[in-house]
Amino acid sequence: MNKQKRKYQQILSAAVSVFAQYGYHRAQVSKIAEMANVADGTIYLYFKNKEDLLIAVFEEKIGHFIDCIEEGIMKETNVLDQLYRLVDLHLSLLESKPDLAVVTQLELRQSKYVIQEKLNRILQKYFNLIDSIIVKGQEEQIISERIDKYVVRNMIFGTLDQTVTSWVISEQTYSLHEQAGQIKQLLLQGLVNYR
């Protein structure tokens, strides 16, 4: 990794920590620079403003999160195994990065509409990934075709999202990944096509 890319990554990692600790609105660019061990002005060589930095955090960190999940589920051939792997990875990856979980679950929801629009475009890749599993499951008659794929996707994503939010709000006092088994059981009972 070259020096510029390393510095860029340092700033992003520092931003995640500072946003998680102070909240996006109270986070100061100077605090991010201090944590990244760079001069204040260096931040502006890479980002226009704090809003641009927040979007970059989401693009980079959540982009990587989605890529890890996609890579993990592609190792599975069975639709239910892919769905279960998605649940496991979603929870375990965010549990391993509690600051990122705080930023994604709390701070991003308080951002302006313009930021939300950009973030939703980034999340679309994740939604498409979930949709592809659902469609494959319905084509193979493993997942019930009676349920609209968008309802199924919203249920899956919404369940995972709320599970992580509850964990963040509780200040991570329990294992997030241990919730995976119960979520998978709910999915199995609600989605699988019994013949």
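This passage looks at two helices, H4 and H5, in a predicted model.

Helix H5 covers residues 79-96, and its length checks out nicely. With 18 residues at 1.5 Å a residue, H5 should span 26 Å, and its end C-alpha atoms are indeed 26 Å apart. Just ahead of the helix sits Asn78, which caps the N-terminal end of H5. The cap comes down to a side-chain oxygen of Asn78 lying 2.7 Å from the backbone nitrogen of Leu80.

A good number of H5 residues are tucked away from the surface: Val79, Leu80, Gln82, Leu83, Tyr84, Leu86, Val87, Asp88, Leu89, His90, Leu91 and Leu94 are buried. So what covers them? The cover includes helix H4 (50-74), helix H6 (98-107), helix H7 (113-139), helix H8 (149-169) and helix H9 (180-191).

Helix H4, one of those covering helices, passes the length check too. Its 25 residues should span 36 Å at 1.5 Å a residue, and the end C-alpha atoms of H4 turn out to be 35 Å apart, which agrees. At the start of H4, Asn49 has a side-chain oxygen that reaches to within 3.2 Å of the backbone nitrogen of Glu51.

Now for a single residue of H4, namely Cys68. Is Cys68 buried or partly exposed? Cys68 counts as partly exposed because its relative accessible area is 25%, and buried would mean under 20%. Setting aside neighbours within four places in sequence, Cys68 is in contact with Leu89 and Leu93. As for His90, a buried residue of H5, Cys68 and His90 are 22 residues apart in sequence and 9.3 Å apart in space, C-alpha to C-alpha.

Terms used: Residues are numbered from 1 along each chain as its sequence is written. This is a predicted model: local features need pLDDT of at least 70, side-chain atom pairs count only at pLDDT 80 or more; totals for chains, interfaces and linings use all residues. Side-chain values use heavy atoms; hydrogens and water are left out. Helices (H or I, at least four residues) and strands (E, at least two) are DSSP runs, numbered from the N terminus. The expected span of a helix is 1.5 Å times one less than its number of residues. Buried means under 20% relative accessible area, exposed over 50%, partly exposed in between (1.4 Å probe, protein chains only). Contact means heavy atoms within 4.5 Å. A polar contact is a pair of N or O atoms within 3.5 Å; within protein, one must be able to donate a hydrogen and the other to accept it, and residues adjacent in sequence count only if both atoms are side-chain atoms.
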